[in-house]
Amino acid sequence: MFSDESRFSLQSDSHRTSIWRERAPGTRYQKENTIERHRYGGAGWLVWGGIILGSRTDLHVQSVTMTGHIYRDVILEQHVRLFRGAMDAEFLFMDDKAHPHRANIVDECLQSEDITRMDWPAYSPDLNPVEHV
């Protein structure tokens with residue numbers, strides 16, 4: 001099962017600008033090195049979903065910040081565990097390495113439910129097929 005979540009801000013603009021700096025002097029403020037980034041301050045929604053073998057989970061939408069407890073109680077218990085029960089022993093679960101996903105209570109839950117987490121290289125969202133869904 002591949003899973004991911006996205007945060008959607010109710011504010012359209014954070015008024016912040018990130019600068020990509022090259023090593024070459026004098027390139028810091030060139031237009032191609034300046035990219036506006038939304039920092040998602042204020043109100044917003046978090047949407048989580050998962051895909052597996054031609055199927056998908058229901059989308060989970062919440063207005064609160066994801067924590068290890070919420071991730072365990074809502075995502076793992078109410079979504080992932082149900083798919084694990086329908087699969088054979090070859091079930092692998094992929095989540096990114098976000099802080100709530102790596103909490104000790106999440107690791108304990110995965111072990112108790114016999115859910116194997118897929119090894120995943122850091123900073124590699126392009127390898128995750130759910131990113132394109």
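This section describes the nonpolar core, a nonpolar surface patch and the surroundings of selected strand residues in a predicted model.

The largest nonpolar core comprises 17 residues, and the members that touch the most others within this core are Met 1, Tyr 71, Ile 75, Leu 76, Val 80, Phe 91 and Phe 93. Contributions of at least two residues each are made by strand E4, spanning residues 44–52, by helix H1, spanning residues 68–86, and by helix H2, spanning residues 104–112. Of these elements, H1 provides the largest share of the core, namely six residues. In soluble globular proteins, nonpolar side chains tend to be buried together.

The surroundings of Tyr 71, one of the core members with the most contacts to other members, were examined further. When neighbours within four places in sequence are set aside, Tyr 71 is in contact with Ser 3, Trp 48, Met 66, Leu 76, Phe 93, Asp 95, Pro 100, His 101 and Val 106.

At the surface, Phe 8, Leu 10, Trp 45, Leu 59 and Val 61 form a nonpolar patch of about 540 Å². Val 61 belongs to strand E6, which covers residues 60–62, and has a relative accessible area of 46%, so that this residue is classed as partly exposed, below the limit of over 50% that applies to exposed residues.

Gln 62, which also lies in strand E6, is by contrast classed as buried, because its relative accessibility of 7% falls under the 20% cut-off. Residues up to four places away in sequence being excluded, Gln 62 touches Gly 44, Trp 45, Leu 46 and Ile 70. Among these, Gly 44 is separated from Gln 62 by 18 residues in sequence, while the C-alpha atoms of the two residues are 8.8 Å apart in space. The side chain of Gln 62 additionally engages the side chain of His 60 in a polar contact at 2.8 Å. Trp 45 thus appears both as a member of the nonpolar surface patch and as a residue touched by Gln 62.

A further strand residue, Arg 56, is located in strand E5, which consists of residues 55–56. With a relative accessible area of 57%, Arg 56 is classed as exposed, because this value is over the 50% limit. Beyond residues up to four places away in sequence, Arg 56 touches Gly 50, Ile 51 and Phe 83. Arg 56 and Ser 3 are 53 residues apart in sequence, with a C-alpha to C-alpha distance of 9.6 Å; Ser 3 is also among the residues in contact with Tyr 71.

Note on methods:
Residues numbered from 1 in each chain as written. Predicted model: local features only at pLDDT ≥ 70, side-chain atom pairs only at ≥ 80, totals over all residues. Heavy atoms only, no water. Core = buried A, V, L, I, M, F, W, Y, C linked by side-chain atoms within 4.5 Å. Buried < 20%, exposed > 50% of the residue type's maximum accessible area, 1.4 Å probe, protein only. Helix = DSSP H or I, 4+ residues; strand = E, 2+ residues; numbered from the N terminus. Contact = heavy atoms within 4.5 Å. Patch = residues over 30% accessible without salt bridge, like charges linked within 9 Å, V, L, I, M, F, W, Y side chains within 5 Å. Areas by Shrake-Rupley, 256 points an atom, 1.4 Å probe, with all protein chains shown as cover. Salt bridge = Lys/Arg side-chain N within 4 Å of Asp/Glu carboxyl O. Polar contact = N/O pair within 3.5 Å; in protein donor to acceptor, adjacent residues only side chain to side chain.
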